[in-house]
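Colleague: Got a minute to go through this one with me? I'd like to know what stands behind each label.

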Amino acid sequence: EKITQFWVQVAAYSNKKGAENARSILDENKIPADIFTFEDNKNKLFYRVRIGPYTTKSEAEYWRTRIIQIDEFSKAESFVTSTTSN
């Protein structure tokens, strides 16, 4: 049975310090986040700050609305994303 999990990608940074700073701001707001590395097709490394996982998309959407209310992330390109695993 495939399990789909939903995440909110809060922001992506080209340096680890930016991502860690974002994670600590979320932490201060009682929202635990994780940092995931991602390499694009030009071998450029990004640090994605995500919260989750959530079992439903609506739950993830709810948390995204909470993120947008935090000043530092009001302009960030946050979005809901999902991962499916067996």
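Modeller: Sure, starting with a strand pair: aspartate 34 stands opposite arginine 50 in strand 3. Keep in mind that this is a predicted model, where local features need pLDDT of at least 70, side-chain atom pairs count only at pLDDT 80 or more, and totals for chains, interfaces and linings use all residues. Residues are numbered from 1 along each chain as its sequence is written, and side-chain values use heavy atoms, with hydrogens and water left out.

Colleague: What makes strand 2 and strand 3 a pair?

Modeller: Two strands pair if DSSP finds at least two bridges between them. Strand 2 (residues 34-39) and strand 3 (residues 45-54) are joined by 6 bridges and run antiparallel, so they count as paired. The strands themselves are DSSP runs (E, at least two residues), as helices are (H or I, at least four), numbered from the N terminus.

Colleague: What is special about phi at asparagine 43?

Modeller: Phi there is positive, near 60 degrees, in a residue other than glycine. Asparagine 43 belongs to the hairpin of strand 2 and strand 3, which has 5 residues between the strands. Lysine 30, in the loop between helix 1 and strand 2, also isn't a glycine and has a positive phi of about 60 degrees.

Colleague: Why is lysine 30 called exposed?

Modeller: Exposed means over 50% relative accessible area, buried under 20%, partly exposed in between (1.4 Å probe, protein chains only). Lysine 30 has 71%, so it is exposed. Asparagine 43 has 60%, so that residue is exposed as well.

Colleague: And how do you know whether serine 78 is buried or exposed?

Modeller: Its relative accessibility is 7%, so serine 78 counts as buried. Serine 78 sits in the loop between helix 2 (57-68) and strand 4 (79-85). Leaving aside residues up to four places away in sequence, serine 78 touches Gln9, Val10, Arg64 and Ile68; contact means heavy atoms within 4.5 Å.

Colleague: What makes a set of residues a nonpolar core?

Modeller: They must be buried Ala, Val, Leu, Ile, Met, Phe, Trp, Tyr and Cys residues joined through side-chain atoms within 4.5 Å. The largest one here has 20 residues, and Val10, Leu26, Ile51 and Phe73 have the most contacts inside it. Strand 1 (3-13), helix 1 (16-28), strand 3 and helix 2 each give two or more residues to this core. Beyond four places in sequence, valine 10 has contacts including Leu26, Ile51, Phe73 and Ser78.

Colleague: Which bond is cis in strand 3?

Modeller: The peptide bond joining glycine 52 and proline 53, with omega about 0 degrees; proline 53 is placed in strand 3.
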